[in-house]
Amino acid sequence: NLSSGASMNNYSSIQLTQNNIDPADLFDAIFYFKVPSVTAVLFRFGIIDSNISGTPTDGIYFEKLSTDTTWFAVARASSTETRTNSSVTVAIDTWYKLRIRRIDASTIGYTVNSGTEITITTNIPTAGLCVGIGIRTMEGVNKYIHIDYFDKFFRGLSR
């Protein structure tokens with residue numbers, strides 16, 4: 001479990017890898033989790049710069065801002081972002097499988113629960129990234145993420 005703590009605007013995060021992911025590599029990352037609360041809370045899952053305590057400067061991730069009701073796919077380079085609505089509702093006590101992958105040299109693919117893939121071709125970062133998960137409470141109530149599974153792998157590598 002990842003907990004936000006009960007202080008308003010508190011951001012808690014976990015960094016699952018070091019800054020060793022080159023966004024130009026053919027990668028595939030999968031997050032499997034459940035959220036017990038969806039109101040007044042921000043969630044962020046993905047491949048981001050080392051600023052996992054707030055809005056990243058560079059990243060390839062899913063997020064749900066405190067006022068959102070659906071998951072959004074985000075590609076962010078040098079603080080400029082492309083943000084696309086998945087139209088998949090964030091619901092209490094629902095298990096989610098978020099997948100982020102590099103499709104080719106200029107395209108990132110995002111899927112929620114193996115649904116229709118969203119593709120983004122703009123604002124793809126070039127800086128080294130890490131895998132992180134974050135949560136922020138927007139009220140004085142502790143919020144949680146029940147993280148079950150994470151996997152990342154790189155395709156097309158040769159030795």
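Reading strands, core and rings

Guide: In this predicted model, Ser 87 is found in strand β7. That residue is a convenient place to start.

Visitor: What is the phi of Ser 87?

Guide: Ser 87 is not a glycine, yet it has a positive phi of about 65 degrees.

Visitor: Is Ser 87 buried or exposed?

Guide: The cut-off for exposed is over 50% relative accessible area. Ser 87 has 58%, so it counts as exposed.

Visitor: Where else does a serine take a positive phi of about 60 degrees without being a glycine?

Guide: Ser 114 does so, and its place is in the loop between β9 and β10. With a relative accessible area of 57%, Ser 114 is exposed. A further case is Ser 78, with a positive phi near 50 degrees, in the hairpin of β6 and β7, where two residues lie between the strands.

Visitor: How should I read the sheet to which β7 belongs? In what order do the six strands of the open sheet run?

Guide: A general point comes before the case. In a regular strand the side chains alternate between the two faces of the sheet. Here the order is β2-β11-β4-β5-β6-β7, with antiparallel pairing. The edge strands, β2 (11-15) and β7 (80-89), each pair on one side only. From one strand to the next the twist averages 15 degrees.

Visitor: Over how many bridges do β4 and β11 pair?

Guide: There are eight bridges between β4 and β11, in the antiparallel sense. For the register, take Phe 43: its bridge partner in β11 is Ile 135.

Visitor: Which residues stand opposite each other on the two sides of β6? I would begin with Tyr 61.

Guide: Tyr 61 stands opposite Val 74 in β6. β5 and β6 pair over five bridges, antiparallel, and form a hairpin with five residues between them. Towards β7, Phe 72 stands opposite Asn 85, and β6 and β7 pair in the antiparallel sense over seven bridges.

Visitor: How many residues of β6 are buried?

Guide: Eight of the eight residues of β6 are buried, so to speak of the strand as mostly covered uses the cut-off of under 20% relative accessible area.

Visitor: Which residues touch the most other members of the largest nonpolar core?

Guide: That core has 32 residues, and those with the most contacts to other members are Phe 31, Phe 33, Phe 45, Trp 71 and Tyr 110. Among the elements that give two or more residues to the core are β3 (26-35), β4 (41-48), β6 (70-77) and β8 (94-104). β3 gives the largest share, five residues.

Visitor: What does Phe 33 touch?

Guide: Leaving aside residues up to four places away in sequence, the contacts of Phe 33 include Phe 45, Trp 71, Tyr 96, Leu 98, Ile 145 and Ile 147.

Visitor: How do I read a pair of aromatic rings?

Guide: Such a pair is described by the distance of the centres and the angle of the planes. The structure holds 10 aromatic pairs. One of them joins Phe 45 and Trp 71: 6.0 Å centre to centre, with 75 degrees between the planes, which is edge-to-face. Phe 45 lies in strand β4 and Trp 71 in strand β6, 26 residues apart, and the pair links distant parts of the chain. Phe 45 counts as buried because its relative accessibility is 0%. Trp 71 is also buried, with a relative accessible area of 0%.

Visitor: Why is the pair of Trp 71 and Tyr 96 edge-to-face?

Guide: The ring centres are 5.5 Å apart and the planes stand at 75 degrees, so the pair of Trp 71 and Tyr 96 is edge-to-face. Because Trp 71 lies in strand β6 and Tyr 96 in strand β8, the pair ties together parts that are 25 residues apart in sequence. Tyr 96 is buried, with a relative accessible area of 1%.

Visitor: Which residues do ring pairs link into a cluster?

Guide: The cluster consists of Phe 31, Phe 33, Phe 43, Phe 45, Trp 71, Tyr 96 and Phe 150.

Visitor: What sits over the ring of Phe 72?

Guide: The charged end of Arg 83 does, 3.7 Å from the ring centre.

Visitor: Last, the loop between β9 and β10. What does Glu 117 touch?

Guide: Glu 117 has its place in that loop. Not counting residues up to four places away in sequence, Glu 117 touches Arg 101, Ile 103, Gly 109, Tyr 110 and Thr 111. With a relative accessible area of 30%, Glu 117 is partly exposed. Its C-alpha atom and that of Arg 99 are separated by 9.2 Å, with the two residues 18 apart along the chain.

Key:
Residues numbered from 1 in each chain as written. Predicted model: local features only at pLDDT ≥ 70, side-chain atom pairs only at ≥ 80, totals over all residues. Heavy atoms only, no water. Core = buried A, V, L, I, M, F, W, Y, C linked by side-chain atoms within 4.5 Å. Buried < 20%, exposed > 50% of the residue type's maximum accessible area, 1.4 Å probe, protein only. Helix = DSSP H or I, 4+ residues; strand = E, 2+ residues; numbered from the N terminus. Contact = heavy atoms within 4.5 Å. Pairing = 2+ DSSP bridges. Axes fitted to C-alpha atoms, helices over the stretch in contact; angles between N-to-C directions. Phe/Tyr/Trp six-rings, centres within 6.5 Å; stacked < 30°, edge-to-face > 60°. Lys NZ or Arg CZ within 6 Å of the ring centre and 35° of its normal.
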